[in-house]
Amino acid sequence: MSEEAADKKTAGLSGKSVIVPIQAEELVQKAVEMKKKGLRLSQACCSWVNNQYEISYSFADDETLDYTTLRILAGRTDEITSISEIYPYAAFYENEMEELFGLKIRYINLDYHNRLYRIKTKAPFLPEDQREVTSGPAAEKSPDVAEAGKKEDAN
Amino acid sequence: MGKKSVIPFGPQHPVLPEPIHLDLVVEDERIVEAIPNIGFIHRGLEGLAPDRDFQKYLYVVERTCGICSFGHGLGYVESIEGIMNVEVPERAKYLRVVWAEMARMTSHLMWLGFTADAFGFESLFYEAWRIREKVLDLMEMTTGGRLIYSVLKVGGVLKDITPDMQKKILDDLNEIEKETREMTRTFLDDYSVKTRLVGVGVLTKQQAHDVGACGPMARASGIVCDMRMRGYEAYADLGFEPVVSQDGDSYARCEVRINEIFASIELVRRAFERMPKEGDLAVTVKGNPDGEYFARIEQPRGEAIFYSEGHGKPALDRFRLRTPTFANLQALCETLKGAEYADVPILILTIDPCISCTER
């Protein structure tokens, strides 16, 4: 959305919404800054656009109702560092991104290792030609899930 | 100090209405730690967005859950209207508020019934659900549906509420308010109910902030956070004030939800008073979404985030829905720490879990 359109739509609404582009290496530092400001991690999500990941970590200020989204662009095999040490409840969001998009995230404090949603297809939200990766956590399918997949294929 | 053991709880359990699994680390009947596990009924509805026309995808989003369906539809159309810079007609904004608040009432009344059932007060469960039926009847009269309403569209609403219907709604709301007040006396003053709720599962204001709680869960701990304060749709004109409590226990969470029912009734009355007497219900929307937008609305269970991203094609490239239960799971684990094993069902219920939404 253009900034002009966003301003028009949110005119009269309390709380500004901004998207701040950052580098993957800055994520943890920025998360610490958000924590120090007393902001709440509101959501984190991922999308695959123009052959790269668009990763969004959104922080809400419950007093001013402002909404700040940190935006990271990453390649298919890039790895980002979890912020679950700073915001423990980021773990669910990060597990979800890892499982649905195959995004590699290291040091998640509660890592389900691709078994949060128990989906047979690896990285189902990616285009099919992008699903196979050669290394990293997304490539390591848990043995029981892989086994169940084989059995289902045989049937 | 006793021996620690791990008790698996759910996803199938007689007292659990929702399929969530918890590994409870227990010591002497007290919970030391709770490790949540979801994903048993994940449906991948977000994954359908790139395969559907953005107008038709609204009906998928509404079907995320049968309790919050109106809110999901509302958040989705807000996100698309945000991208396309669509100004919704004033009358449609008020109608959206009326339906959103009545949907909130049905959700909270349902929760009250479940909670009464969880602490073994079955007649109270029936009473809450009997009152809820009346609200559902009003929804059916105005939208044609009791759970999935399909009355929204990008750019406005599909149906109107006629003056006759308004009169019927206002009359019925008087009755619903009276009956809910009577029921409230039992929920908030009865000795046996208080024994099960007061001081159980305390979440302090600081803890609620630290675990990212939202909705009634956060407001019961003294956090003044309600997305309706942003003034989306017609809320800015209705003098909305959030319902907050300070104690942070199960009783406070019950109290907040009950008072929110009365607040919703008042908002519906004000909406009918201030709604333009006539006007368009929708504007024509041309083109396809090109851009991205985060819409934040207040669902019955708390803040819900709707993120849509499109690049000029009929289908969105990405739709993401962050549900309040997803955010409140960590708060649940925090309240379970130190709780007695027998209180686990009540504590799970007090976050008002909607795993159907969470497993969208």
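**Figure 1. A lysine and a glutamate pair up in chain B.** This close-up of a predicted model starts at B:Lys134, which sits in helix α4 of chain B, a helix covering residues 122–143. Look at the tip of this lysine: its side chain makes a polar contact with the side chain of B:Glu175, at 2.7 Å. Which residues touch B:Lys134 once its neighbours within four places in sequence are set aside? They are B:Glu175, B:Ile176 and B:Glu179. So B:Glu175 turns up twice here, as a polar partner and on the contact list, by the definitions of polar contact and contact.

**Figure 2. A glutamate tucked away in a loop of chain B.** Here the view moves to B:Glu46, found in the loop that runs between β3 (30–37) and α1 (57–62) of chain B. Is this glutamate buried or exposed? B:Glu46 is buried, with a relative accessible area of just 5%. Leave out its neighbours within four places in sequence, and B:Glu46 is in contact with B:Tyr57, B:Arg318, B:Phe319, B:Arg320, B:Leu321 and B:Arg360, plus A:Phe125 from chain A. Another residue to find in this view is B:Thr64, 18 residues from B:Glu46 along the chain. The C-alpha atoms of B:Glu46 and B:Thr64 are separated by 9.6 Å.

**Figure 3. Where chain A meets chain B.** Now for the interface. Chain A brings 44 residues to the contact, and chain B brings 51. People often describe the size of an interface by the accessible area lost when the parts come together. For chain A and chain B, the buried area is about 3,900 Å², and carbon and sulfur atoms give 55% of it. How many salt bridges are there between chain A and chain B? The count is 3. One salt bridge to pick out joins the side chains of A:Arg71 and B:Glu292, with N and O 2.7 Å apart. There are also 12 residue pairs in polar contact between the two chains, counting pairs with both residues at pLDDT 80 or more.

**Figure 4. The side of chain A that touches chain B.** Five named elements of chain A each give two or more residues to this side: α1 (3–10), β2 (40–49), β3 (52–60), β4 (67–74) and α3 (90–101). Which element gives the largest share? That would be β2(A), with 8 residues. Sort the residues on this side of chain A by type and you get 23 nonpolar, 11 polar and 10 charged.

**Figure 5. Cysteines without a bond.** The structure holds 0 disulfides over all chains. Why is A:Cys46 not bonded to the closest cysteine? The closest cysteine sulfur, in A:Cys45, is 7.4 Å from the sulfur of A:Cys46, so the two are too far apart for a bond. A:Cys46 also counts as buried, at 1% relative accessibility. In chain B, the sulfur of B:Cys254 has its closest cysteine sulfur in B:Cys68, 18 Å away, so this pair is too far apart as well. B:Cys254 counts as buried too, at 0% relative accessibility.

**Figure 6. Chain A from end to end.** Step back and follow chain A along its length. Its secondary structure comes to 4 helices and 6 strands. Starting at the N terminus, the elements run α-β-α-β-β-β-β-α-β-α. Chain A has 155 residues, and 50% of them count as buried. Among its contacts between residues at least 6 apart in sequence, 54% join residues at least 24 apart.

Note on methods
Residues are numbered from 1 along each chain as its sequence is written. Chains are lettered from A and ligands numbered from 1 in the order in which they are written. This is a predicted model: local features need pLDDT of at least 70, side-chain atom pairs count only at pLDDT 80 or more; totals for chains, interfaces and linings use all residues. Side-chain values use heavy atoms; hydrogens and water are left out. Contact means heavy atoms within 4.5 Å. Buried area is the accessible area (1.4 Å probe) that two parts lose on being put together, summed over both. A salt bridge is a side-chain nitrogen of Lys or Arg within 4 Å of a carboxyl oxygen of Asp or Glu. A polar contact is a pair of N or O atoms within 3.5 Å; within protein, one must be able to donate a hydrogen and the other to accept it, and residues adjacent in sequence count only if both atoms are side-chain atoms. Ala, Val, Leu, Ile, Met, Phe, Trp, Tyr, Cys and Pro count as nonpolar, Asp, Glu, Lys and Arg as charged, and the others, Gly among them, as polar. Buried means under 20% relative accessible area, exposed over 50%, partly exposed in between (1.4 Å probe, protein chains only). A disulfide is a pair of cysteine sulfur atoms within 2.5 Å.
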